[in-house]
Amino acid sequence: MSSTSNFLAEMTNSPVVVKLQHGLEYHGVLASIDGYMNVVLKDTVEMVENNKVRNYEEVFLRGNNVLYISQK
Amino acid sequence: MLFFSFFKTLVDQEITVELKNDVEIKGTLKSIDQYLNLKLDNISANTTKYPHLIAVRNLFIRGSNIRYIHINPSLVDTNLLQDASRREAMASAGDKIGGK
Amino acid sequence: MSESNSTSSEPLDLIRLCLDEQVFVKLRGSREMVGKLHAYDMHCNMVLSDATETIFYTEQDSPEIKSRTKKSDMVFIRGDSVILVSDAANV
């Protein structure tokens with residue numbers, strides 16, 4: 001397994017921030033991730049320009065929109 | 001392949017295709033391929049933006065320009081679709097990080 | 001890597017669990033769609049029934065965000081427009 005895959009896999013079950021291309025930001029717990037950077041987050045807050053927009057119990061984010069995933 | 005098969009069942013039926021440039025085109029689905037490129041016959045378009053479309057009878061649409069395709073619900077067996085989706089998910093459960 | 005999360009370990013599994021349920025889909029171009037999910041694939045192509053699309057827009061010289069809705073009895077959504085998918089009950 002490559003080191004980037006390891007890095008991503010080791011982040012599962014920890015709190016992360018996922019930033020998407022159009023400025024959307026998702027703060028939640030990383031439930032799973034695949035090779036396309038598709039992501040499922042739990043207990044997630046959706047933020048736009050530091051304003052809370054919405055909450056999701058569980059949400060799927062399509063990998064192509066992902067700018068970065070960062071561990072909190 | 002699921003949606004390719006699905007749209008093959010809709011050949012010769014009327015559908016409405018909404019493109020990413022907001023143009024909506026209604027027509028009879030004549031042909032579909034694996035990229036979901038499609039051929040429409042007897043088209044009518046909602047557009048004032050592209051007046052030349054009024055004179056056009058049939059179109060080839062590149063799949064990547066499609067946003068939505070509206071379908072008559074009576075033509076769709078939803079249980080069949082759901083079973084097919086589950087089967088396809090089983091078949092293509094690859095590319096995971098961390099886990100088998 | 002532990003095997004503890006081997007059930008529901010792939011992101012797309014979440015979408016599979018939404019089959020036959022109301023889903024909320026956020027799309028490119030300031031659009032959202034709510035409807036019952038009947039099909040999906042690895043590209044996030046989807047078929048929804050009784051779907052309501054909400055389109056957000058602003059008019060010139062006004063910062064106010066407006067919205068309009070459109071209904072569709074049965075709609076195929078091309079996956080490349082999809083940003084996120086969630087169970088509509090949990091939004």
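**Close-up 1. Chain B and chain C, strand to strand.** Three bridges connect β5(B) with strand β4 of chain C (residues 65-77), and the two run antiparallel. If you want one pair to look for, try His70(B): its bridge partner in β4(C) is Val75(C). Keep in mind that everything shown in these views comes from a predicted model.

**Close-up 2. The wider contact between chains B and C.** Here 26 residues of chain B meet 27 residues of chain C. On the chain B side, the elements giving two or more residues are α1 (2-8), β5 (66-70) and α2 (78-91). Which of them gives the largest share of that side? That would be α2(B), with eight residues. Sorted by class, the side of chain B that touches chain C has 13 nonpolar, nine polar and four charged residues.

**Close-up 3. Where chain A touches chain C.** This contact draws 18 residues from chain A and 17 residues from chain C. On the chain A side, at least two residues come from each of β2 (24-33), β3 (39-48) and β4 (51-61). The largest share, seven residues, belongs to β4(A). As for the mix on this side of chain A, count nine nonpolar, four polar and five charged residues.

**Close-up 4. β4(A) meets β5(C).** Now for the strands that pair across the contact of chains A and C. β4(A) lines up with strand β5 of chain C (residues 82-87) in the antiparallel sense, over three bridges. A handy pair to pick out is Leu61(A), which stands opposite Leu84(C) in β5(C).

**Close-up 5. Inside chain A: the hairpin of β3 and β4.** β4(A) also has a partner within its own chain: nine bridges join β3(A) to β4(A), and these strands run antiparallel. Two of the facing pairs are easy to follow by name. Val40(A) stands opposite Phe60(A) in β4(A), and Val45(A) stands opposite Asn55(A), again in β4(A). How many residues lie between the two strands of this hairpin? Just two, and in the turn Glu49(A) has a positive phi of about 50°.

**Close-up 6. Next door in chain A: the hairpin of β2 and β3.** β3(A) pairs with β2(A) as well, through eight bridges, and the two strands run antiparallel. Look for Ile33(A), which sits opposite Val39(A) in β3(A). This hairpin has five residues between its strands, and Met37(A) takes a positive phi near 65°.

**Close-up 7. The annotated stretch of chain A.** An unreviewed UniProt entry carries the annotation "domain: Sm", which covers residues 3-72 of chain A. What is the chain like over those residues? In the model, residues 3-72 are 11% helix and 61% strand, and the C-alpha atoms at the two ends are 20 Å apart. The strands of the two hairpins, β2 (24-33), β3 (39-48) and β4 (51-61) of chain A, are also the ones met earlier at the contact with chain C.

Technical notes. Residues are numbered from 1 along each chain as its sequence is written. Chains are lettered from A and ligands numbered from 1 in the order in which they are written. This is a predicted model: local features need pLDDT of at least 70, side-chain atom pairs count only at pLDDT 80 or more; totals for chains, interfaces and linings use all residues. Two residues are in contact if their C-beta atoms, placed from the backbone, lie within 7 Å. Helices (H or I, at least four residues) and strands (E, at least two) are DSSP runs, numbered from the N terminus. Ala, Val, Leu, Ile, Met, Phe, Trp, Tyr, Cys and Pro count as nonpolar, Asp, Glu, Lys and Arg as charged, and the others, Gly among them, as polar. Two strands pair if DSSP finds at least two bridges between them. UniProt positions are given in the numbering used here, feature names are shortened, and annotations may be inferred rather than shown by experiment.
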